[in-house]
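Me: Could you walk me through this model with a few questions and answers? I would like to begin with one surface residue and then turn to charge pairs.

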Amino acid sequence: MPSLQDLMKKHNITPEDSPASGPRAKLLYQADRMLAELDKYKTEQELDGPNTQYWWAPKSVNGKRRVSARYGGKVVEGLAKYADNTLDSVRATVTKFKALIEESNDETWADEEERRKKK
């Protein structure tokens, strides 16, 4: 019978006492959360909502839906794009944002962090 530690090592899981706090880690966490939410949807109507709680706008305009990366309850300035109002297009946009974030490091987000401090 394998121990919990053996299984965690096998699956490359490192225990963490607190959530990762850097902007890159926060953005990756949010990107994964958005993709998991999109996995639950069957139609683009499910993208609609009463407020902006996800990376996509709660309503589409002229067949397009704005997708904006956010963490800490705030939009990342400049990291927004209009996607077609389809699940596939919104998912593809979130996936592209995630790929960009994966290539970054916390230094990439230094300007964004500084901007947030000034507000």
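Me: Does E107 count as buried or exposed?
Reply: Happy to help! This is a predicted model in which local features need pLDDT (the predictor's confidence in each residue, from 0 to 100) of at least 70, side-chain atom pairs count only at pLDDT 80 or more, and totals for chains, interfaces and linings use all residues. Residues are numbered from 1 along each chain as its sequence is written, and side-chain values use heavy atoms, with hydrogens and water left out. Buried means under 20% relative accessible area, exposed over 50%, and partly exposed in between (1.4 Å probe, protein chains only). E107 has 62% relative accessibility, so this residue counts as exposed.

Me: Which strands does the salt bridge between D84 and K64 tie together?
Reply: A salt bridge is a side-chain nitrogen of Lys or Arg within 4 Å of a carboxyl oxygen of Asp or Glu. The closest N and O atoms of D84 and K64 are 2.5 Å apart. These residues are 20 apart in sequence, K64 lying in strand 1 and D84 in strand 2 (strands are DSSP runs of E, at least two residues, and helices runs of H or I, at least four, numbered from the N terminus), so the pair ties together strand 1 and strand 2.

Me: Which residues are linked with R115 in a network of salt bridges?
Reply: R115 pairs with E77 at 3.8 Å between the closest N and O atoms. R116 and E112 meet at 2.7 Å, N to O, and both are buried. The network links R115 with E77, E112 and R116.
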